[in-house]
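Q: I'm new to reading protein models, and I'd like to learn how to make sense of one. Can you walk me through it?

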Amino acid sequence: MALKGTDAGQSGEAVAVDDPAKLRNVVLVGPSGGGKTTLVEALLAATNVISRAGSVTDGTTVCDHDPAAVRQQRSVALAVAPLLHDGVKINLINTPGYADFVGELRAGLRAADAALFVISAAEGVDAATAALWEECAAVEMPRAVVVARLDHQRAEVEATMAACRDAFGSGVLPLYLPVTDAGGVTGLIGLLSGRRFDYSGGYPPKIGDPDPADADHIETARNELIEGIIEQSEDESLMERYLGGEQIEPETLIKDLETAVARGSFHPVLPVCSATGVGLAELLELLTKGFPSPLEHKAPQAIKLGAGPIELAVDSNGPLAGEVVRTTVDAYVGRVSLVRVFSGTLRPDRSVHVSGHGMASRGHDDHDADERVAHVYSPLGVNLREVPYCVAGDICALTKLSSAETGDTISASDNALLVEPWDMPEPLLPVAVVAKTRSDEDALSRNLSRLVAGDPTLRLERNAETKQLVLWCMGEAHADVVLARLRAGGADVDTEPVQVALRETFASPIKAKGRHVKQSGGHGQYAICDIEVEPLPRGSGFEFVDKIVGGAIPNNFIPSVEKGVRAQMEKGLERGFPVVDIRVKLIDGKAHSVDSSDAAFQTAGALALREAASAGRTSLLEPLDEVRIRVNDDYLGNVLGDLSGRRGRVLGTEPDTNGRTVVLAEVPASELLRYAVDLRSITSGTATFTRRFARYEPVPEALVASTLGGSKNH
Ligand SMILES: Nc1nc2c(ncn2[C@@H]2O[C@H](COP(=O)(O)OP(=O)(O)OP(=O)(O)O)[C@@H](O)[C@H]2O)c(=O)[nH]1
Ligand SMILES: [Mg+2]
């Protein structure tokens, strides 16, 4: 293997690897506050990428460099930090644990070949992390578990290791046991090697023999581990040998363990403490020896543009195919695209094809462009270090690709490919924003497209009816990041209450007259029409019926009346909401041989509708959404109770896999404005939902006043 070092820059040396077998892409996942960002720091410091570990509290870590991350004291975005250990380049992909940033987690999973679940020894596993585990299991993603924050005063290391087994299920077994003395966890005992790794003097550990007093405890855990490995082994004769009382040599077990980890069927648990260094050496060893290289990971589906599906192979000489997993805009460098290369090699001074398809529903139009890659960089958090190339399986950063958005494919200009974008979560929390001044408005429109290009979990809606600019976000913390980025881009914005687009209809039939007569002086205007307005079923829209007999209104002016009625329906009545679901019958009228005109009859038609509204009864309509909620059975009662408080109507429930239920309900849209936040809090983050517009329904009389209170049109 050749490791080509280049400009070391401030932070460690950047390396370009030419053999995919010498790469590991590991995504760190788990509950917020579990210790992922801090663990990345500790690993970078242990391998001398950085001279000392930064801290999340001080905002000095490699991964949490965004000002919003420092303010929120948690990661808000995916970050990549590579290190070298034992001749292997490990790309650590840090993700935020907080639910709002699940889009970053999805991108991280796409960029990685294996996942490291980081669980705090003081907090344990939450339901969202257990669900993520299941999801990784479904695609056989190799996984291991780190029990972190061992020095926490409430840390319960062995209990948390056991809790991980309970939560994650079979194949999850400790590989190391903690050694505890009065001062806390000072080292580990390797169950396979039988050695003790003593960290009382810090990292790296001193290796010795375990305390004989621990022998029984170690023996029990070791037997359990060996049985676990043998169960997962491809070599079936091992089980017979083991049951026959034979001692299986550690080398065989380690080899089998590595295969089982890489296959995604065995999941080692190990305690690691970023603060004291305990376990760092063992974790590095697991990442290099136990975790799979990109060669063992199936590349995503791809097509050759204009042709058909192609199989991507992890081959640095194959056709170039990479995917943008994150996009940022740096004040100095401009657009930065983080790219996971699946096939081929990215080199500087080449033209590449950038294509983005399949995201049109989110406001990302399909696009294709040839652009030039000037330099290829290895990212270390926000730092970019130039490298001569980036081979299949590796991750790099490219700058100034002006059309590249997150999810886009980078391929060769003469061989344009498209890698199917991964599943991206739907943002469900609407936030309405207004620019403070005219110049903020300009900055806002400049910034929005940039922001949306980088963040597939942000959706932009310019609502034609409410005239609001709505940013659909994943939650409040995400909205905070989005607003901060807008403000950093020079657009000072305020938020305002989100309005739902109301409509109006007639509650009962009513007759009315529209009289537009002006005959004093000059050219007169004369148009009279009698109409009858009737309510129609929801969703019918508008019907116009001509019932004129005997030419009371000349034929050529009948469409004028209809036009006038339609215009008034669009404009709305007194409350200003569009009118829908009515039939208007034109039953009589009068015309004048000189003074009648198209314009006069339009005015009379509009007037007739207004008259009908003031003489009759109208009702306010609100949008009703069909909502599909997937929830853990433990929280089903909470969800149903909450829905009734939102005027929701449950249409049905059906059992889903793994102790979950799907609830189908209809809920007024005005009651769903904060549902993304509320559902999370009443279900401890275990539920997900989707919504789609179903139809309009009358607002209950008792609620008309409060509904109108929140509406600007009134
Ligand atoms: N004493 C001690 N504190 C730790 C350790 N690991 C993490 N912390 C602290 O725990 C808090 C959360 O740690 P983070 O590394 O930010 O956790 P995270 O998993 O990255 O959290 P998210 O980014 O929100 O997903 C921070 O204040 C850390 O300083 C540890 O090993 N020892
Ligand atoms: Mg973090």
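Q: How many bridges join β36 to strand β38, and in which sense do they run?
A: The general idea: strands of a sheet pair through backbone hydrogen bonds, either parallel or antiparallel. Here, β36 and β38 (residues 660-668) are antiparallel and joined by nine bridges. Within that pairing, arginine 630 has valine 662 of β38 as its bridge partner. Two strands count as paired if DSSP finds at least two bridges between them. Strands (E, at least two residues) and helices (H or I, at least four) are DSSP runs, numbered from the N terminus.

Q: Before we go on, what kind of model is this?
A: It's a predicted model, in which local features need pLDDT of at least 70 and side-chain atom pairs count only at pLDDT 80 or more, while totals for chains, interfaces and linings use all residues. Residues are numbered from 1 along each chain as its sequence is written, and chains are lettered from A and ligands numbered from 1 in the order in which they are written.

Q: Which other strands does β36 join?
A: Ten bridges link β36 to strand β39 (residues 688-698), again antiparallel, and aspartate 625 is matched there with phenylalanine 693 of β39. Strand β31 (residues 503-506) also runs antiparallel to β36, over four bridges. In that pair, threonine 505 sits opposite serine 619 of β36.

Q: How do I check the length of a helix, say α13?
A: Take 1.5 Å times one less than the number of residues, and you have the expected span. Helix α13 (residues 598-615) has 18 residues, so it should span 26 Å, and its end C-alpha atoms are indeed 26 Å apart.

Q: And which residues of α13 are buried?
A: Count neighbours: a residue is buried if 20 or more other C-beta atoms lie within 10 Å of its own, exposed if 12 or fewer, and partly exposed in between, with C-beta atoms placed from the backbone. In α13 the buried ones include Phe601, Gln602, Leu607 and Leu609. Their cover includes β32 (510-518), β33 (525-535), α12 (558-571) and β36 (618-632). For that, contact means that the C-beta atoms of two residues, placed from the backbone, lie within 7 Å.

Q: Is glycine 201 buried or exposed?
A: Glycine 201 has 10 other C-beta atoms within 10 Å, so it is exposed. You'll find glycine 201 in the loop between β11 (196-198) and β12 (206-208). Its C-alpha atom is 31 Å from that of leucine 23, and the two residues are 178 apart along the chain.

Q: How do I read the strand order of a whole sheet, such as the one with eight strands?
A: Go from neighbour to neighbour. This open sheet runs β20-β19-β25-β16-β17-β24-β21-β22, with antiparallel pairing. β20 and β22 (383-387) are at the edges with a single partner strand each, so one side of each has no neighbour in the sheet. From one strand to the next, the twist averages 40°. Angles like that run from 0 to 180 degrees between N-to-C directions, using axes that are lines fitted to C-alpha atoms, for helices over the stretch in contact.

Q: Which strands pair with β19 in that sheet?
A: With strand β20 (residues 367-373), β19 shares seven antiparallel bridges; serine 355 is partnered there by aspartate 368. With strand β25 (residues 409-412), β19 has four bridges, also antiparallel, and valine 352 faces alanine 412. Five of the seven residues of β19 (residues 350-356) are buried, so β19 is largely enclosed by the rest of the structure.

Q: What is the strand order of the sheet with seven strands?
A: That open sheet has mixed pairing and goes β4-β5-β3-β6-β7-β13-β8. Its edges are β4 (79-85) and β8 (172-174), each with a single partner strand, so one side of each lacks a neighbour in the sheet. β7 (residues 143-148) and β13 (residues 267-271) run parallel, joined by three bridges, with valine 146 opposite leucine 270.

Q: Last one: which residues are closest to ligand 1?
A: Ser32, Thr37, Arg74, Ser75 and Gly97 are the closest of the 22 residues surrounding ligand 1. A residue is near a molecule if its C-beta atom, placed from the backbone, lies within 6 Å of it. Helix α1 (residues 36-46) gives the largest share of this shell, three residues.
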